[in-house]
Amino acid sequence: MADDLSPDTPDVATAPGEAGDPAEFVARYVPADVLARYEVFSYRNAALILSEAHPVEFGELMDALRGFRLTRAIIAKPGGSESEVPKAFSTLLRPHGWHETTIQADLLVKLLWREAGEDARGKPVSTRMQRELTKARFLDGHKVDYVKGRVAFDLEWNSKDQTFDRDLYAMSAFSQCGVIDVGVLLTRSAALNPVFREMGLMAKYGASTTWMGKLLYRLNAGRNGSCPVLAIGIRPECIEDGS
């Protein structure tokens, strides 16, 4: 299970690698009250870019994190609470203009070369040649659940861990096309495992689902490409006493 992982467990990272920004860097930009309830990791200066270049979007995301409350009833709900956690963030973010967004793009390929020949006098000349090829929908259907301005936000509570590959690929595609400057991914922290164990739910929230160890592994491997990413993990401090 996810709470019994050793550093040698495949496909899991217990901490950011060299690609991650130092913890003190994160603490410089992410508010202390948010860090008290979530674990936060920054890659490619994501914390700086988000807070300084996009203060409005950053403020709305921080307020959404402050406003989010997890309950034991949500944790225990059959089906992994796939709808309840996203629904909570949709309630907090949609009114501020965070929209589900899909990217599509055609690829224009140009082939350039020069052909040798002769002019009318028989002198050698070189003629510039060009051929164009368009690949329609070279990018098609890459979706992020919440996009506003140049910031993308997605969350994975209890999906199959391969979902992170889809999310990071989508954010990388948005970034490479110049659509976003930074991505934010929210998932659950391994610190929630004692709560799951106490509730008898460790089988439900297994190691092959979406949690921070699986996300950090992918970020350490560079699967976000050139896209700066802020990774946020929901900790037990987000749980309300009531249900």
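**View A. The hairpin of strand 2 and strand 3, with Gly 122 in the turn.** In this predicted model, the hairpin has 5 residues between its strands, and Gly 122 takes a positive phi near 85 degrees. Strand 2 and strand 3 run antiparallel, joined by 18 bridges. One spot to pick out is Leu 108, whose bridge partner in strand 3 is Thr 134.

**View B. The open sheet of 6 strands.** Read across, the strand order is 1-6-5-4-3-2, with mixed pairing. Strand 1 (38–43) and strand 2 (99–118) sit at the edges, each pairing on one side only. On average, neighbouring strands are turned by 20 degrees against each other, direction ignored.

**View C. Strand 5 next to strand 6, a parallel pair.** Here residues 182–188 (strand 5) and 229–234 (strand 6) pair over 6 bridges. Look for Val 184, which stands opposite Leu 230 in strand 6.

**View D. Helix 7 lying across the strands.** Helix 7 (residues 163–176) lies across strands 2, 3, 4, 5 and 6. Against strand 3 (124–148), this helix runs at about 130 degrees.

**View E. An aromatic cluster of Phe 68, Phe 89, Tyr 146 and Phe 153.** The structure holds 7 aromatic pairs. Take Phe 89 and Phe 153: their ring centres are 5.9 Å apart and their planes sit at 50 degrees, so this pair is tilted. Phe 89 belongs to helix 6 (residues 84–93) and Phe 153 to strand 4, so the pair ties together parts 64 residues apart in sequence. Tyr 146 and Phe 153 make another tilted pair, with ring centres 5.5 Å apart and planes at 45 degrees. Phe 89 is buried at 1% relative accessibility, Tyr 146 is buried at 1%, and Phe 153 is buried at 2%.

Notes: Residues numbered from 1 in each chain as written. Predicted model: local features only at pLDDT ≥ 70, side-chain atom pairs only at ≥ 80, totals over all residues. Heavy atoms only, no water. Pairing = 2+ DSSP bridges. Helix = DSSP H or I, 4+ residues; strand = E, 2+ residues; numbered from the N terminus. Axes fitted to C-alpha atoms, helices over the stretch in contact; angles between N-to-C directions. Contact = heavy atoms within 4.5 Å. Phe/Tyr/Trp six-rings, centres within 6.5 Å; stacked < 30°, edge-to-face > 60°. Buried < 20%, exposed > 50% of the residue type's maximum accessible area, 1.4 Å probe, protein only.
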